Amino acid sequence: MARQGQGTGGVTRVGIVGGGPGGLMTAYRLQCWADRPLEIVILEASERLGGKVQTGRFEAAPVPYEIGAAELYDVSPIDEDPLKDLVAELGLPVTGMAGQAVELDGELLANLDDVEARLGRGAREAVSAFDRRSRGRMSPRQFYDSDLCESFADEAEGGGFGRFMDRVEHPGARRYLDVLMHSDLATEPRATNRRYGLQNYLMNDADYMLLYSVDGGNERIVEELVRRTRADVRLSTRVEEVRAREDGGVDLVTAKETLTVDHAIVALPHGALGSVRFEGPRLTAAMAEHVAHYDHPAHYLRVSILFERPFWKDVLHESFLMLEAFGGCCLYDESCRSADPEFGVLGWLLGGDAALEHDALSDDALIAAALESLPPALAEGRELVLEARVHRWIGAVSALPGGLQPRPVELRHRPSPQDAPGLHVVGDYLYDSTLNGVLEAAETVADHIAGALATR
């Protein structure tokens, strides 16, 4: 006789809390890797799947723009890249992205020669010294393996990334570097560790990483995962309680029913974990400790503006540049993904304290501030606006992904293996605030569950 946790006809039942990229990737990989049929149920509190991977379209013209994740990271120069492999597996074409320019006082600095011409020889030497010091602290291999505990065993001795940055004494060099990194960090140097700070500096170097996006919008990843995954998807279904069962299974309690499953995967953003009650002899304390360990919120705001035409093409020749406004803001040319765009789309990505402070403004005030931040060479754009959108991601990413010290992989994903052996967690906050980290978490959990099924 099948125990209560099993699905129809004795088929193993898997419940996934959260229909964002983590939940969808886990479901897809489980389906591919399990040696038997599974009954997969995805419970999503909102009315859509995809979470922070979302591509919007304007009303004035059906032109796409990214609401959430703007780019994907390509680490294939160092080693295997599971996300790049997944995108190819899903049959999605991609476009490379790059950007080196930093805007200071209305001028674009694209290289060290520009830094020297604008800020002086001392600034160039200080930036070069910072680059050498950063490379010396994190090799490409360490960059790739930075989520492993042993990669940064001395992290606590370093005083965090703020102290590392404070060694840059030249004010012009420090100003340049702060603008270069700020929106990638989504926090301030003092609020993160050296490991994560170095990652966000070195990601600008092709020896460490490349960038790309999916043609037609990154949400196509979500669409393809949904199309290829056999799952019972229940939208507008919020899980209120996760309860450990004595038989090793898990109860997922919603307002309408209690779903008993063999394996439960909580694939929620860190900020949403507090809305769920976790019940069990040791599970309550274990999940409270899990939430506290990863409680380092970081912030984004996105302002996306549709223009009559891409008026910046003679000035901005790459996918993005860093503006000095808002403490350091990434300005994306979202039109670069089209061969011959009729309209133009620019996207402002505000991060860290600036995003949190500007969240108090209305959408109209934020749009006005974004337009005001355009360098003089692009000022004509203020007269070419057709439509604008604002999207707020306050507390949606992590300032310290993995926590101050990364935990062993098993403990990251199974906070209470004795009390709730069937409960796993998936999220970008466990590795890094990227889709690459989400997929690593999803594949780790899918591999564990598939392996457990194979031994039965």
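1. Lining of the second largest pocket. In this predicted model, the lining of the second largest pocket comprises 7 nonpolar, 5 polar and 3 charged residues. The volume of this pocket is about 350 Å³. Of the 15 lining residues, Gln 100, Leu 112, Asp 131, Tyr 176 and Tyr 201 lie nearest the centre of the pocket. Two or more lining residues are given by each of helix H4 (121-137), helix H7 (171-185) and helix H8 (194-202). H4 supplies the largest share, with 4 residues.

2. A salt bridge within H7. One of the helices that line this pocket, H7, also holds the pair Asp 178 and Arg 174, which are 4 residues apart, about one turn of the helix. The two side chains form a salt bridge in which the closest N and O atoms are 3.0 Å apart. Asp 178 counts as partly exposed because its relative accessibility is 27%.

3. The loop between H7 and H8. Asn 193 is located in the loop that joins these two helices. With a relative accessibility of 1%, Asn 193 is classed as buried. Its side chain reaches the backbone oxygen of Leu 404 at 3.3 Å.

4. The pair Arg 407 and Glu 289. A salt bridge links Arg 407 to Glu 289, and its closest N and O atoms are 2.6 Å apart. Arg 407 belongs to the loop between strand E20 (385-398) and helix H14 (409-413), whereas Glu 289 belongs to helix H11 (residues 283-293), so the pair ties together parts that are 118 residues apart in sequence. The partners fall into separate accessibility classes: Arg 407, at 13% relative accessibility, counts as buried, while Glu 289, at 41%, counts as partly exposed.

5. A salt-bridge network. The structure holds 40 salt bridges in total. A network of such bridges links Glu 241, Arg 243, Arg 245, Asp 247, Asp 251 and Arg 277. Within this network, Arg 245 pairs with Asp 251, the closest N and O atoms being 3.4 Å apart. Are these two partners buried or exposed? Arg 245 has a relative accessibility of 19% and therefore counts as buried, the cut-off being under 20%. Asp 251 is buried as well, with a relative accessible area of 6%.

6. Packing of H9. Which residues of helix H9 (residues 219-228) are buried? They are Glu 219, Ile 221, Val 222, Glu 224 and Leu 225. The buried residues of H9 pack against three helices and three strands: helix H1 (21-33), helix H2 (82-89) and helix H15 (435-454), together with strand E3 (55-57), strand E5 (72-74) and strand E9 (210-214).

7. The surroundings of His 317. This residue is found in the loop between strand E16 (297-307) and strand E17 (320-323). His 317 counts as exposed because its relative accessibility is 66%. The side chain of His 317 reaches the backbone oxygen of Lys 313 at 3.4 Å. A polar atom of that side chain also lies 3.4 Å from the backbone oxygen of Asp 314. Where does Cys 336 stand in relation to His 317? The two residues are 19 residues apart in sequence, and their C-alpha atoms are 9.1 Å apart in space.

Technical notes
Residues numbered from 1 in each chain as written. Predicted model: local features only at pLDDT ≥ 70, side-chain atom pairs only at ≥ 80, totals over all residues. Heavy atoms only, no water. 1 Å grid on protein atoms, 1.4 Å probe; cavity = no way out; pocket = protein on both sides within 12 Å on 5 of 7 lines; lining within 4 Å. Points joined across faces, edges and corners; volume = space filled by probe spheres on them. Nonpolar A, V, L, I, M, F, W, Y, C, P; charged D, E, K, R; others polar. Buried < 20%, exposed > 50% of the residue type's maximum accessible area, 1.4 Å probe, protein only. Polar contact = N/O pair within 3.5 Å; in protein donor to acceptor, adjacent residues only side chain to side chain. Contact = heavy atoms within 4.5 Å. Salt bridge = Lys/Arg side-chain N within 4 Å of Asp/Glu carboxyl O.
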